[in-house]
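Hi,

Here is the structure I promised to pass on. Have a look at it first, and my notes on what turned up follow below.

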Amino acid sequence: MDWALVFRAVNLLALVAWTALILLPRWPALLSAILYLGVGLLCLVYAVALIGVVSGLIPNTGGGGADFTTIPGIRAIFASDGGVTIGWTHYLAFDLFAGLWIARDADAKNISRFIQAPILFATLMAGPIGLGIWLLAREPAARRQGRFR
């Protein structure tokens, strides 16, 4: 398995999706494409790679077993190119999903794209930080609308 190729491919896919989400008009077809062709494909790559490695169908030399209960176990999982690529794809999928939710929620609350852009960029670069910023920023808009949607 050429993990470097998979790593480059998922990064390119995520970059294209994030660029579209931040810069392009938010047509329903574009949002659906980001959801299904962006997030969905990242999820598919993640699932195939993870199941393939765990089942032994895809060779993954250098990494340890799937011990998610200890720091040394997690370190061993990420000690291979396959483990790093699978973990990174996990981050990319969830961060893009969070970014898509933020964008849709912000549009529904009539939040300016100029305010959205740095929050979405923060979500791209450090998912939980961007999501946390959005959760704080959305509160006044949600209260002005008189509901939490």
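A quick definition before the details: a helix axis here is a line fitted to C-alpha atoms over the stretch in contact, and angles between N-to-C directions run from 0 to 180 degrees. Please also keep in mind that this is a predicted model.

First, the overall picture. The chain contains six helices and zero strands, so the pattern along the sequence reads α-α-α-α-α-α. Its C-alpha atoms fill a box of roughly 55 × 30 × 20 Å along the principal axes. Of the 149 residues, 36% count as buried. Among contacts with a separation of 6 or more, 64% are between residues 24 or more positions apart.

Now to the helix pair I looked at. How do H4 and H5 cross? The axes of helix H4 (residues 81-108) and helix H5 (residues 113-125) come within 9 Å and cross at roughly 165°. Angles over 145 degrees count as roughly antiparallel, and H4 and H5 are therefore roughly antiparallel to each other. Their crossing is right-handed. On the H4 side, the contact is made by Asp 95, Ala 98, Gly 99, Ile 102, Ala 103, Ala 106 and Asp 107. H5 contributes Arg 113, Gln 116, Ile 119, Leu 120, Thr 123 and Leu 124. Sorted by class, this contact has seven nonpolar, three polar and three charged residues.

The loop between H4 and H5 holds Asn 110. This residue has a positive phi of about 55° although it is not a glycine. Is Asn 110 buried or exposed? With a relative accessible area of 68%, Asn 110 is exposed, because anything over 50% counts as such.

Finally, the interior. The largest nonpolar core has 30 residues, and those that touch the most other members are Trp 18, Leu 21, Ile 34, Leu 42, Leu 96 and Leu 120. Helix H1 (3-23), helix H2 (28-55), H4, H5 and helix H6 (127-144) each give two or more residues to this core. The largest share, nine residues, comes from H1. Leu 120 is also part of the contact between H4 and H5 described above.

If you want one residue to click on, try Leu 96. Leaving out residues up to four places away in sequence, Leu 96 touches Ala 17, Trp 18, Ile 34, Gly 38, Val 39 and Leu 42. Among these partners, Trp 18, Ile 34 and Leu 42 are also on the list of core residues that touch the most other members.

Happy browsing, and best wishes!

Methods: Residues are numbered from 1 along each chain as its sequence is written. This is a predicted model: local features need pLDDT of at least 70, side-chain atom pairs count only at pLDDT 80 or more; totals for chains, interfaces and linings use all residues. Side-chain values use heavy atoms; hydrogens and water are left out. Helices (H or I, at least four residues) and strands (E, at least two) are DSSP runs, numbered from the N terminus. Angles under 35 degrees count as roughly parallel, over 145 as roughly antiparallel, 65 to 115 as roughly perpendicular and the rest as oblique. A crossing is left-handed if the near helix is turned anticlockwise from the far one by less than a right angle, and right-handed if clockwise. Contact means heavy atoms within 4.5 Å. Ala, Val, Leu, Ile, Met, Phe, Trp, Tyr, Cys and Pro count as nonpolar, Asp, Glu, Lys and Arg as charged, and the others, Gly among them, as polar. A nonpolar core is a set of buried Ala, Val, Leu, Ile, Met, Phe, Trp, Tyr and Cys residues joined through side-chain atoms within 4.5 Å. Buried means under 20% relative accessible area, exposed over 50%, partly exposed in between (1.4 Å probe, protein chains only).
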